[in-house]
Amino acid sequence: MFYEVSSANRFEGAQSLLLDDTNTVRALGLESEPIPVTPGTNYSASAMMNIERGVVGLYLLYYNASGVRVGEASAWLETTGGEWKKHGASGLAPTTAAYARILIYSSGAGIGRGYADAVALEEMEIGTFERIGGVVQGIINADSDIGFEDGKHVIYSVFKGRDEVPTVFAVMDALTRDVLRTYPLPGVESAWGVKAATDGRVYIGTHYDGRLYRYTPGTLEFENLGRFGTETHVFSMTAGPDGKMYAGTYPSGKLYVFDPATEDIVDLGVVEAGQRYVRSLAYDAERDALYAGAGGTLSRIYKYSPDGTRKEILGGLIPGGGDTYAFPYGMDFDEDRLFVKFSNGDLLVVKPDDTIDYYDPNGMDIHSGQVAPIPGQPGRALFTLGGQLYAYDSATQSSTLIKQLESTTNFQDGEFIDLGSPDWPGLTFVGMGSYGHVIYYNLETGHAEVAPANYGGAPILIQSIHAGPDNKMYVAGYMSGFASYDPATGEVSESNPLGQIESSVVRGGKLILGAYAGARILEYDPALPFSKTNPRELFNLRGQGQDRPFAMAYDPANDRLAVGTVPNTTSLQGALATYDFATGELNVYENIVPNQSVISLTFKDGLLYAGTTVYGGLGTSGPTETNAKLFVFDPATKRKVFETIPATGRKGVTGLTVGPDGNVWGVAEDYIFKLNPDTRRFDYRAAKLRRYGSSTTWAWAFLHPGEDGNLYGTSRGQFFMVKPETNEYVLLDGSKGNYLNRDAFGSFYFSDSSELWKYTPPGSDREPPVTSAAVDPAEPDGSNGWYQGPATVTLHAADEQSSVTETVYSIDSGSTWSAYTAPVSFGQDGLYTMLYRSVDAKGNREAAKRLELRKDAAAPNIAVEIEPEAVYETSGEITIAVAVSDSASGVEPASVSVSLNGEPIRPGDVIPLYALPVGAHTVSVTASDVAGNSKQEQVVFHTAASPASLLELIDRFLAGGRIDNAGIAESLRAKAHAGSWQALMMEAQALSGKRIHPEAADALLRNAEVLMNRE
C-alpha cells in the first residue's frame, strides 16, 4: 500500500495524487495542511477523482485550536470506469473550529486505488429562510351532539387545535352558533367521540392519548376520567342505560364501558379478532341491546344482549357477511331500526329481529354519521347524502329527497328541537357537520340552511404543498383545508374546506389533485371561484379498493396522468393507474408490486419510474414484504419493464424526480440514490438521512431540482441539498422540513407542523425590479404644478439580474390593478394618485411607488344671479350675487373681480337702480383657478323709467329724508300726475342741494327727462 505524487494520470497540470491501498486490515490516507476556517460558515471540500479499484473517500475534517477534531463530513466514490469525476463533501464549521483539513482516504477493510486532483476548499453560501406562518386555517371537528342547558339548546363538539391554539371541548348556542364556553384539552389531537349520556353529562373520547373526559352541565365541571388501557384512539361512543357510556377503540379493536356509579372504565374485550377498529356503536334502549361495529379489513357487527351474550349479525344477513366492507363506519338505532353506514356509503337498515329492512349495494347511500327521527312521522328518519336532506321510510323501505341545499354538509349527529325563535317556528332539525358547519331544517316552513360556527378555528397541520399554474403555491391541510400563497404579493387566500389533498400535477391552466379517501382525482381551475363544482371529480379508485393517492405524475407529450395509491384499510395491495385525457381511458394495475403501495412517480422519456412502500392500509396487521422497490413502467405497452431494490431493508422509495443531471433521483428511508436511466444502475447511493421507526409511514421524502443545478429535498424534519456534480450532501436545516415544492421563481417551500417556510437559494435574484415613471410634458403647463393640457405617463421597469414579468398600476388607491401595456393618458380633469410596481421572473415584488398628477383644463364656472337682458324699474334695487366654483384645482380667491359698467364692485353689493342711468348696464365677472385657467362672464340688464316708478321714487325720497318737506313732495307728485315733466324738472333742479338731496334730485331729473323725451 502506498501513495505518491504521480504523473501517470492527471486531471489538470502535470501531476496528481495516487492512493493505492492493497491491505485489507490497515487504512491508507493523506491529509492536507491546515486551512483556517470561520466557525458557523459552511464549507465545501472537492476533488476531481479517478477511481480504478474499490472505493475512496473524501473527508472534510474540522479541528479546534488545540488540534482536537470537532467535526467532519465525508463522501465515498466507487470505481469511475476510467473517467474523472468531481467529488465533494460539505459541512458547517462548528463553533469551536479553528481550521480544517482535507483527507483522501481508503478504509481499513477497503482496497481502494485512485487518483485525486484539483483538491479545493471553498466557502459555501447558504440561501435565506423565511417563515410565512400558518397558511391553512379552519375548524376541524369529528363528532358532536345536542344538549340542553341554561334554558337553551346547545351543541357539543371538540375543535381541533394546532400550535398555539389548543384543542378544545366547546359548548355552542344551537341558535346563534356562538361559543358559550371552551375547555382546553392539552395533549389531545381531536375527538371522534362526543356524546351526551342519559343523565345529561357529556363524554369525550380522544386521540392520540386514548382518554375519556366528562363535562357536567350546571356545575360546568370538566374532568379527565382516565385512559382506555393502552389504546390510542376512541373512534365511537354511544349512551347506554343509567348514564353509562360505551366506547370503541383502536388499535386493539376493543369495547369499553364507563359506569358513573363506580366511576370505572371497564374493558369488555376485543370485538372481532384481527379487526383493529371499533368504528361504530349503537344502543337499542327499549331492548337494552348494544351494537358494536368492528372493522379494518372487513366488517362485523355484534349485538350484545342484556344477558351478556352476543352474536354477529352480518353473517348470513348480507352477501359476503361484511367481508366486502372495510368498516361499519357509522351506526344509529332510531325508529325501531338499526341504521348502518358502511365505509363506502352503502346503507343497511336492520329490524330488531335481525332481519333486513333495507339493503341494496346499488341503491341508496348514506353520508351522515347518524340519522334523526322525524317528529310526527312514525317510521321516518332524516339523513344526508351528498349534503342533501333525505328521509328513509321503513313502511316503504325507500328514501326520498326532502330538501336540496345550496351549501352542503353531512351531519355527524343531530335532532329536531325548538329553537325558540320566530325565524324557526316549531321544530327544527339541528345537526353539526365537519368543519364547524351547522345544518338547519324547519319542519313547518321547509326552510333550510347551512351556517358556520362562530369560532376562529386554528392553524391546520400541513399535509401537502403544490405549485399551481398561476404561479401561486397551494397548501393543503390534514383532514381539511386548502389555501394559496402568492409569492409575488405575499398574499394568503382564505382557506376552503376541501378534503385531504395528497398530491398534484399541473395540466394546462388546471391543477389536478389527488384526494383522500377513495383515491379521488379532482380538477381545480384557479381562475374560477372555489365552489361545489370547482374542483370537480375526474374519477376515483374506490372501486379498486384504493384510498390515498400519494403519487402523481403527468406526461404532457402524451397528455397522460399517472397515479400511485395506498389501498384502503382492508389491503396491502396498492395500485398504479394511468388516465388518458384525450380518450378518457383509465387503466388500473392493482398489486403491480405484490403487497406494496405505490407512493412516488416521475416520468422520464415516456417511461414511468415508480417507488413503493411495504405498508398498506392502516387497518392491516402490517407489512409482509421487507424491501421497497423501484420499478419502471411503460405506459405504451402497459408493462412493468424493470424492477430493483434501491436499499436493502428499507420500507419506502419516495421523492422520485428527474435531477438537473438527467438521472432519476430518489430516497429510500435514509439512503439518497441516483439511478442512471440508460444503464439502470445506481451511480450513487449514500445513507445520509434519518431512518424511521416501526409505525406506518407513507410519504418519506420529497425531492425537487433547483434552478442552480442542485437538488433539494425534505425527509421528515430535515431540509437538505445535494450537488449532483459531486454528490455532496448539505444539511440546510436539521430541525424542520416536511413536504416540499418549488415555485415558478426558484424558491422552495416546506412545512414545519402547520407553518409554511420558504427557502431562496443563494445567488438567486432577491432584489425587486426598479420602475420609473415619466410624465409628458415633463413640466406642468399650468400654474402651481397643474397640467392644463393632456398628460401621459410612461412606465419603465428594469431588473439587473432577471427579466421583468409584470408591471401594474392603480389609480384607485390600490383597490384594483391593471397591467401596464402602453403609456397611460390622463385627459379628464382631476387629482390623480397613480401607484405602480413591477415583479421580476424570480417573484420579487417591488414596493408600490406613488405619482401625483394634477390635471385641470377647464376654467372656473361663473354664475351671476341676474337674468340676462332683464328690465328693472328705476325705483327698485338689485343685488349683484356672484358664485364662482372649480371642481378640479379650485378657485384662486384673489383672482375674482366684479365690475358694473366698468366700475369695481363687491360681490353681494346691493345697487339702488335710481343711481344708474336709465338704460343698459353690464355686470362683468373675471376669475381664475389654481391651475391658471381664466374666464370672464358678462350679464347685461336694463333699467327703465315710468310714471309709476317716478312716483315711487318721490315717496321713497320723502320717507328717507332726501326730500325734507311733504309739501314739496306733494307738489312733485301733482306735476307727475299731470305729466308736467318740464315743470317737475325745473322744481327739482331749483331745490337740489337745498330741500332735495342732490342725488335724489339727479335721479328725478333723469327719469323725468326720459319720460318727457318719450312723449
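Where is tyrosine 208 found? In this predicted model, tyrosine 208 sits in the loop that runs between strand 18 (202–207) and strand 19 (211–216). The peptide bond leading into tyrosine 208 from histidine 207 is cis, with omega near 5 degrees.

**Backbone features in loops**

A cis bond also joins tyrosine 250 to proline 251, where omega is about 10 degrees. Proline 251 belongs to the loop between strand 22 (245–250) and strand 23 (254–259).

Tyrosine 435 and arginine 680 are listed here for their phi values. Tyrosine 435 is not a glycine, yet its phi is positive, about 65 degrees. Arginine 680, a residue other than glycine, has a positive phi near 55 degrees. Tyrosine 435 counts as partly exposed because its relative accessibility is 26%, and partly exposed means between 20% and 50%. Arginine 680 is also classed as partly exposed, because its relative accessibility is 27%.

| Residue | Phi | Loop between | Relative accessibility |
|---|---|---|---|
| Tyrosine 435 | about 65 degrees | strand 38 (428–433) and strand 39 (437–442) | 26% |
| Arginine 680 | near 55 degrees | strand 60 (671–676) and strand 61 (681–687) | 27% |

**The second largest pocket**

The second largest pocket has a volume of about 910 Å³. It is lined by 34 residues, and those closest to its centre are Ser504, Val505, Met552, His704 and Asn741. By class, the lining consists of 21 nonpolar, 11 polar and two charged residues.

Several strands supply at least two lining residues each: strand 42 (462–467), strand 46 (501–507), strand 50 (546–555), strand 54 (597–604), strand 58 (654–658), strand 62 (701–705) and strand 66 (738–742).

**Nonpolar cores**

The largest nonpolar core comprises 24 residues. Within it, the most contacts are made by Leu950, Ile954, Phe957, Ile963, Leu972, Ile996 and Leu1004. Two or more residues of this core come from each of helix 1 (947–959), helix 2 (966–978), helix 3 (981–991) and helix 4 (998–1014). Helix 4 gives the largest share, seven residues.

Which residues is phenylalanine 957 in contact with, leaving aside neighbours within four places in sequence? They are Tyr914, Arg962, Ile963, Ala1000, Ala1003 and Leu1004. Of these contacts, Ile963 and Leu1004 are also named among the core residues with the most contacts.

Another core, of 23 residues, lies apart from the largest one. Its members include Leu17, Leu28, Tyr62 and Ile104.

Note on methods: Residues are numbered from 1 along each chain as its sequence is written. This is a predicted model: local features need pLDDT of at least 70, side-chain atom pairs count only at pLDDT 80 or more; totals for chains, interfaces and linings use all residues. Side-chain values use heavy atoms; hydrogens and water are left out. On a 1 Å grid over the protein atoms alone, a cavity is a set of points where a 1.4 Å probe fits but cannot get out, and a pocket is an open set with protein on both sides within 12 Å along at least five of seven lines; lining residues have an atom within 4 Å of a point. Grid points are joined across faces, edges and corners, and a volume is the space filled by probe spheres set on the points. Helices (H or I, at least four residues) and strands (E, at least two) are DSSP runs, numbered from the N terminus. Ala, Val, Leu, Ile, Met, Phe, Trp, Tyr, Cys and Pro count as nonpolar, Asp, Glu, Lys and Arg as charged, and the others, Gly among them, as polar. A nonpolar core is a set of buried Ala, Val, Leu, Ile, Met, Phe, Trp, Tyr and Cys residues joined through side-chain atoms within 4.5 Å. Buried means under 20% relative accessible area, exposed over 50%, partly exposed in between (1.4 Å probe, protein chains only). Contact means heavy atoms within 4.5 Å.
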